[in-house]
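Visitor: I'm new here, so could you walk me through this one and tell me how each label is earned?
Guide: Happy to. Let's take a look.

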Amino acid sequence: MKIAFLTLGCKVNSYETEKMKKAFEEAGHMIVAFDEKADAYIVNTCTVTNIADRKSRKMLHRAKRMNPEAVVTAAGCYVDSSEKKGERDESVDLFISNKDKEKLVEMVCDELKKRGLEDRLMPEHGECKMSQAALDEEHTRAYIKVQNGCNQYCTYCIIPFVRGELHSRTVEDVVSETQQLADRGFQEVVITGIHVSSYGVDKGKAGSFLELEGEPLLELLEAISEVEGIERIRLSSLEPRIITEKFVKRLSAIKKVCPHFHLSLQSGCDTVLKRMNRHYTTKDYTDGLEILRKYYDNPAVTTDIIVGFPQETEEEFVETCEFAKQVEFAQIHVFKYSRRQGTIADKMEGQITESIKSERSDRLLAIERELEILYQKKAVKDTEEVLIEEISEIDGKKYLTGYNERYIRVAIPAEKEEDALSRCNTIATVRILGHLNDSVVIGEFC
Ligand code: SF4
């Protein structure tokens with residue numbers, strides 16, 4: 001059968017989609033791009049905001065329109081949350097919750113059989129189990145989900161209710177998967193999870209990640225770094241409070257860990273952080289940064305900030321902007337607060353209008369652009385090690401593009417396409433020549 005996937009939402013979902021694709025490939029089926037005609041479509045949904053719910057429904061309807069005979073499956077968080085609300089959608093044939101994602105192949109095949117379409121279950125012929133378009137969607141960076149669940153209960157977030165209790169995979173299990181990825185040629189892995197800092201607190205010694213000082217996570221990273229073939233380990237997101245002298249000292253000894261830290265901030269104003277039920281202050285945040293900058297040369301510190309949280313005043317927003325400038329983030333992902341039914345923040349008084357949210361988002365994005373350029377100027381060296389990922393077209397010209405350890409995008413003019421393709425998925429030393437545009441630097445192979 002031909003099967004197509006679409007992923008919405010977070011990196012954990014991207015990771016789980018990869019797992020599902022692999023299960024179908026191993027069963028002999030062919031993965032095609034989402035805009036191709038398929039026998040089955042899987043939308044790995046998201047429910048983080050009311051808008052995410054709407055988008056999940058829209059994509060499911062689109063799949064049904066593409067092939068009304070196909071088995072359209074909604075998988076993941078939207079299913080779990082809509083199940084609780086008793087909502088169902090008529091264009092969806094199968095609903096698969098997070099806990100049942102592993103049974104997906106079986107459930108989709110059963111559904112085809114029920115419709116008398118057994119012939120579709122024949123394995124697709126040929127060596128390659130992916131269409132060219134689907135292969136183009138693949139990347140050189142692999143995500144590994146090391147834990148699930150969260151017990152932080154931020155007031156705007158539905159995840160603890162949808163993804164459930166903390167659950168960490170064993171070190172052996174994660175290492176074995178990393179080895180398989182290395183065998184498939186991946187050189188960079190991104191450690192991901194719903195709350196990565198809590199990795200391992202549900203196993204071994206009792207205590208929160210603060211009491212354990214991130215030790216289980218460090219042990220895991222040390223074990224991953226032993227895997228031959230893996231050259232880079234990137235951490236997808238850390239909670240600021242895990243950054244202590246003891247933690248960073250040991251972390252910095254793991255040389256494969258990239259000097260790129262995504263520390264969620266959400267607001268640079270203590271009163272807003274309190275309303276969000278984030279358990280740190282801006283002082284905790286800057287203390288952590290100081291430690292990171294002591295152990296790493298120009299680390300890339302990236303973050304997420306929500307603007308227009310309920311009751312956010314102009315003064316509170318300005319405090320966030322000033323804090324962002326003070327920290328000199330390498331990159332900020334700016335989100336306009338979006339209401340999510342079932343959360344405390346959704347019931348708070350003082351919801352901010354969409355026009356104010358947009359205006360604040362624009363102002364913070366302007367700061368973000370300046371900070372990103374500033375960071376690039378400061379952090380880019382004369383030569384950089386770049387993991388070449390793909391051929392991209394920028395302003396009408398072809399380039400080989402990839403990222404350095406600090407997640408700065410580097411472009412090298414691609415002369416002959418065949419020569420250029422052989423460079424993909426290699427780590428190359430690149431002499432930096434200048435800026436191609438605000439977010440990409442240009443270089444040449446040494
Ligand atoms: S830390 Fe907060 S925002 Fe992140 S998943 Fe947990 S509750 Fe949601």
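**Two helices and two sites**

Guide: Helix α1 (residues 11-26) packs against helix α4 (residues 104-114) at an angle of about 60°, and their axes are 9 Å apart. Keep in mind that this is a predicted model.

Visitor: Why are α1 and α4 called oblique to each other?
Guide: Their angle is about 60°. Roughly parallel needs an angle under 35 degrees, and roughly perpendicular runs from 65 to 115. The value fits neither range, and therefore α1 and α4 count as oblique.

Visitor: Which residues meet where α1 and α4 touch?
Guide: From α1 come Met-20, Ala-23 and Phe-24, and they meet Leu-104, Val-105 and Val-108 of α4. By class, that contact has six nonpolar residues, no polar and no charged ones.

Visitor: What makes up the lining of the second largest pocket, by class?
Guide: Eleven charged residues, eight nonpolar and five polar. Glu, Lys, Asp and Arg are the ones that count as charged. Glu-16, Lys-101, Glu-102 and Lys-145 are among the residues nearest the pocket's centre, and the lining has 24 residues. The space in this pocket is about 680 Å³.

Visitor: Which helix gives the most to that lining?
Guide: α1, with six residues. At least two residues each come from α1, α3 (77-85), α4 and β6 (141-148).

Visitor: How many residues of each class surround the ligand?
Guide: Eight nonpolar, two polar and one charged. The residues around the ligand include Cys-150, Tyr-153, Ile-159, Pro-160 and Arg-278. Cys, Tyr, Ile and Pro count as nonpolar, while Arg counts as charged.

Notes: Residues are numbered from 1 along each chain as its sequence is written. This is a predicted model: local features need pLDDT of at least 70, side-chain atom pairs count only at pLDDT 80 or more; totals for chains, interfaces and linings use all residues. Side-chain values use heavy atoms; hydrogens and water are left out. A residue is near a molecule or strand if one of its heavy atoms lies within 4 Å of it. Axes are lines fitted to C-alpha atoms, for helices over the stretch in contact, and angles run from 0 to 180 degrees between N-to-C directions. Helices (H or I, at least four residues) and strands (E, at least two) are DSSP runs, numbered from the N terminus. Angles under 35 degrees count as roughly parallel, over 145 as roughly antiparallel, 65 to 115 as roughly perpendicular and the rest as oblique. Contact means heavy atoms within 4.5 Å. On a 1 Å grid over the protein atoms alone, a cavity is a set of points where a 1.4 Å probe fits but cannot get out, and a pocket is an open set with protein on both sides within 12 Å along at least five of seven lines; lining residues have an atom within 4 Å of a point. Grid points are joined across faces, edges and corners, and a volume is the space filled by probe spheres set on the points.
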